[in-house]
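Please open the model in your viewer and keep the selection panel at hand. The stops below proceed from the overall division of the chain to its ligand and its interior.

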Amino acid sequence: SIPLSFFGGIGGASKNGVLIKGSNYLEALNHVDTVVFDKTGTLTKGNFKVTQIQPEEGWSEGDILYYAAHAELHSSHPIAVSIREAYQKEPDALQLADYEELPGKGIRVKVNGKTVLAGNSRLMDAENIRHPASGAAGTAVYLAVDGAFAGLIMINDEVKPDSARAIRELKAAGVRRTVMLTGDSKKSGEEAARGLGLDEVYTELLPQQKVKQMEKLCSQAAKGGKLVFVGDGINDAPVLARADVGVAMGGLGSDAAIEAADVVLMTDEPSKLVTAIRIAKKTRRIVW
Ligand code: ADP
Ligand code: MG
């Protein structure tokens, strides 16, 4: 039977903006060994802004934005939203055909009969498109049209003001290991991790590599220690499912992730996880 005060703990959590979907998760939050965060939309705002457009010889900034905004028309990725914002016009869906979203890489689609690729350097490598390395800060979105590199768009995200404090307080609450997983570039991932004070960061991961890394981290947790994953749910539902406690952002997060999650942070603040752990500890004192 479930002690009554567990319901008190769950109720108290929900008043504080944390939805806990069962007393077993509240109990697990008493034994957190490792917390793994997704980067984009979880520790960062996921509110990317286009900061630079670099067309190749023969292309204009307008061309780059036109193809990129059309390629990104049907994607809900924060990168896609920022590119559509920068375009400032309504892309024409009738110009699109054969749309394909390539998780952890980008988009392939026909725009006006031309084959367009928009995504990271891994996508360009996979398609044998010669392209320059990007030196600038942030995330680079490379664009290729009919097999030739056409230019790149630089995009910047900001860390949430709440993230560094959350990581500090998790450590203070006894969490042994804090980790970030990201599909983003080494440069941009390591920059963010350093600023946040995370113990470890793994970058340039495809969704299935995130799952693999999660399994590894699970096997390395202290005996009886629990592993928590916190994500925004874009591409990370399979990772969420691998954790002892899967936590989703309730505001930005996708409906699928909120459904798959064990705990939902309704305000999208990572520090709400600390709140949940504190409530779990308090509830436990009342139970025993
Ligand atoms: P994260 O771990 O940062 O949440 P994702 O797995 O969602 O990253 O994406 C990893 C990388 O794949 C992004 O940093 C980006 O380079 C590329 N990517 C994913 N989706 C898109 C898209 N719609 N357009 C362009 N690039 C994308
Ligand atoms: Mg993501």
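The centres of domain 1 and domain 2, taken over C-alpha atoms, are separated by 31 Å. Select 4–45 + 159–287 for domain 1 and 49–156 for domain 2; these bounds come from an automatic or database domain assignment. This is a predicted model, in which local features need pLDDT of at least 70, side-chain atom pairs count only at pLDDT 80 or more, and totals for chains, interfaces and linings use all residues. Residues are numbered from 1 along each chain as its sequence is written, while chains are lettered from A and ligands numbered from 1 in the order in which they are written.

Next, display the ligand. Ligand 1 lies between the two domains, because both give residues to its shell. Around ligand 1 are 22 residues (C-beta atom, placed from the backbone, within 6 Å). Of these, T40, H77, G106, N120 and G183 come nearest. Colour α3 (39–43), α5 (78–87), β5 (106–111), β6 (114–119) and β7 (139–145): each supplies at least two residues of the shell. Helices (H or I, at least four residues) and strands (E, at least two) are DSSP runs, numbered from the N terminus.

Now turn to the interior. The largest nonpolar core has 48 residues; such a core joins buried Ala, Val, Leu, Ile, Met, Phe, Trp, Tyr and Cys residues through C-beta atoms within 7 Å, buried meaning 20 or more other C-beta atoms within 10 Å of the residue's own, with C-beta atoms placed from the backbone. Helix α12 (residues 272–287) contributes the largest share of this core, six residues. Finally, select I53, A118, A140 and A144, which are among the 30 residues of another core, apart from that one.

How values were computed:
Buried ≥ 20, exposed ≤ 12 C-beta atoms within 10 Å, placed from the backbone.
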